[in-house]
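Student: I have a fresh model open and want to read it from the inside out. Can we start with one residue and work outward?

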Amino acid sequence: MATARFNIDDLKRLGLKADIAKGIVGSIGMEIEKIEGNEVVVDITPNRPDMLDIVGFARALSMFAGEQTPREGHYGLEGEPMIEVAVSQRLKEIRPYIAAMVVRNVDLKKGNLRYLVEFTEKLADTNGRRRRKLAIGLHDFGKVKPPITYDAAKDGEIVPLEGKAKQSFAKAVSGTDQGKEYGGIVGKGPYPFVADAEKTISLAPIINSELTKITEATTELFVEITGTSLFAVNDALNLLACRFIDVGGQVQPCTVVYGKKAELTPELNYREMKVKDLDIERALGAIIDQNKVITMANRMGYVAARYGRDTMFYVPPYRLDVLNEQDIIDDMAVAYGYERINPIPIMGSSIGIEDEYTARANRLARTMLGLGFSEAVNYYLTNEQVSFENMMAKEGKSVKVAEAKTEAITMLRTTLLPGLLQNLGSSSHDPMPQMLFEIGPVFNLEGKSPIEAKRVAMVGEHARANFAEIKSYVAAVLRSMGIDDFSLKEGTEGGFINGRCALIVAGGKQIGYLGEIHPQVLNNFRIEEPVVAAEIVLD
């Protein structure tokens with residue numbers, strides 16, 4: 001979840017009349033983190049990237065409050081394509097896609113420049129997965145000399161942002177703050193770059209050129225978005241185009257040429273989705289008047305019309321989160337008001353009993369509580385940085401999240417320990433010792449088939465935590481599970497100190513591991529005291 005900071009006077013300048021302090025933000029599904037003076041900080045959920053921008057935020061609240069009504073065809077292009085972007089085949093295995101547009105009648109004064117830059121950076125960090133999936137370049141169109149080329153090369157030069165002289169691509173990657181942060185995306189080249197007829201204007205996805213830098217005096221923009229997903233770059237450009245049109249900008253498309261194939265970007269088409277009234281009523285548990293459905297749709301930004309006994313919804317181009325009819329039904333629930341939806345008891349005559357695994361897990365949990373541990377319950381969804389990079393472990397096969405909306409949720413967890421270490425890092429100011437355990441599933445791949453396994457993991461944090469301590473806890477846990485005959489074998493495991501890690505062996509099989517956590521791993525999770533840990537397979 002990302003946060004956005006808006007000035008309340010700026011929201012009013014964009015036409016928002018509703019008092020944001022009176023619950024309208026929460027009603028639409030977001031949360032106000034705090035209000036400081038004349039500024040509001042809002043937590044924006046990953047499914048609504050359009051609301052990371054002050055223009056999109058004001059638009060969504062104005063429509064929800066009934067102050068603004070959506071109009072079909074509002075988001076249109078001005079004129080014919082005036083720029084052609086030629087894409088090199090050398091990018092095919094590197095960063096193959098680009099979308100671009102020209103925006104005229106742009107006003108970047110009165111804080112608008114700051115809002116635009118912050119929005120594009122947050123969009124690249126969230127939907128763009130820290131620029132790996134997509135990165136956005138903003139250029140003063142008055143300083144750009146068409147035609148435009150998107151290519152890749154080892155050798156090349158750019159005057160990097162805030163720089164005064166040309167630098168080689170390699171120097172720009174190694175010598176700038178942006179290069180140090182994002183250089184790992186492109187490695188040691190070839191480097192993707194965008195160039196006009198005279199110069200390099202962007203070293204994607206690292207840094208733009210000082211020669212096309214935008215300022216408050218800029219009135220025309222050239223916007224280019226590069227990435228690894230054609231859908232992602234096109235969707236992001238549509239989102240930006242809509243925000244410019246909403247504040248009076250005129251968007252002219254560009255022609256992107258991939259060899260013999262040419263595409264027009266952006267394409268601001270409204271998508272049509274027909275939803276049965278009965279499906280909406282079943283979800284809400286109420287009978288909704290036909291006219292009420294249209295009003296609710298308008299509040300969520302849709303143009304809608306009756307289609308026989310159903311409703312046709314016209315999804316605006318900036319609603320990247322709407323994939324199917326269920327997403328529209330979810331929006332109807334928001335417009336109707338979740339607080340008005342009454343729960344319905346599930347009717348049935350079956351009698352449930354505790355299954356064997358649950359019974360054993362509950363007995364094990366009581367054992368852990370008796371040993372002085374507190375139970376943690378973490379999310380199954382995580383990401384590669386937490387699971388592998390922070391643990392100093394080699395990235396293995398894992399179940400990935402397709403088209404993940406945020407870099408925080410990209411895979412299913414493969415072990416329990418990273419989640420427990422995150423718990424310790426977020427509670428570093430609590431009294432010591434801290435003793436946590438978790439019992440739950442982890443997910444791995446065998447070939448292409450996902451495999452679910454049950455495990456128990458435990459961690460202990462305090463100044464005198466050591467190998468002997470975690471060994472004694474593991475012995476007690478194994479005995480409670482009926483495993484008396486086990487041994488420890490010297491071994492290595494990601495996240496542990498070499499020489500202070502052991503594999504747990506029982507019945508001739510490895511069933512777990514234990515040891516002292518490596519200092520670098522502690523630093524990665526912002527843990528201040530020594531930590532011992534263990535993880536055991538329950539299957």
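**From one residue to the domains**

Student: Which residues is Arg319 in contact with, beyond its neighbours in sequence?
Tutor: Skip everything within four places of Arg319 in sequence. Contact here means heavy atoms within 4.5 Å. What remains for Arg319 is Arg48, Asp50, Arg271, Met300, Tyr302 and Asp331.

Student: What kind of model is this, and how is it numbered?
Tutor: Residues count from 1 along each chain as its sequence is written, and side-chain values use heavy atoms, without hydrogens or water. Local features need pLDDT of at least 70 and side-chain atom pairs 80 or more, while totals for chains, interfaces and linings use all residues, since the model is predicted.

Student: Where does Arg319 sit along the chain?
Tutor: Look for the flanking elements, which are DSSP runs numbered from the N terminus (helices H or I, at least four residues; strands E, at least two). Strand E18 covers 310–315 and helix H10 covers 325–336. Arg319 has its place in the loop between E18 and H10.

Student: Is Arg319 buried or exposed?
Tutor: The scale is relative accessible area with a 1.4 Å probe, protein chains only: buried is under 20%, exposed over 50%, partly exposed in between. Arg319 has 0% relative accessibility, so Arg319 counts as buried.

Student: In the largest nonpolar core, which residues touch the most other members?
Tutor: Such a core joins buried Ala, Val, Leu, Ile, Met, Phe, Trp, Tyr and Cys through side-chain atoms within 4.5 Å. The largest one has 83 residues. Helix H7 gives the largest share of this core, ten residues. The members touching the most others are Val223 and Phe313.

Student: Which residues does Val223 touch?
Tutor: Leave out residues up to four places away in sequence. The list for Val223 then includes Ala99, Ala100 and Met101. Val223 also touches Val103, Ile136, Gly137, Leu138, Leu237, Leu240 and Phe244.

Student: How many residues form the other core?
Tutor: This core lies apart from the largest one. Among its members are Leu420, Ala457, Cys501 and Ala533. Its count is 24 residues.

Student: How is the chain divided into domains?
Tutor: The bounds come from an automatic or database domain assignment. Domain 1 is 2–64 and domain 2 is 83–265. Domain 3 comes in two parts, 271–311 and 321–338. Domain 4 is 356–537.

Student: How far apart are the centres of domain 1 and domain 4?
Tutor: Use the C-alpha centres of domain 1 and domain 4. They lie apart by 39 Å.
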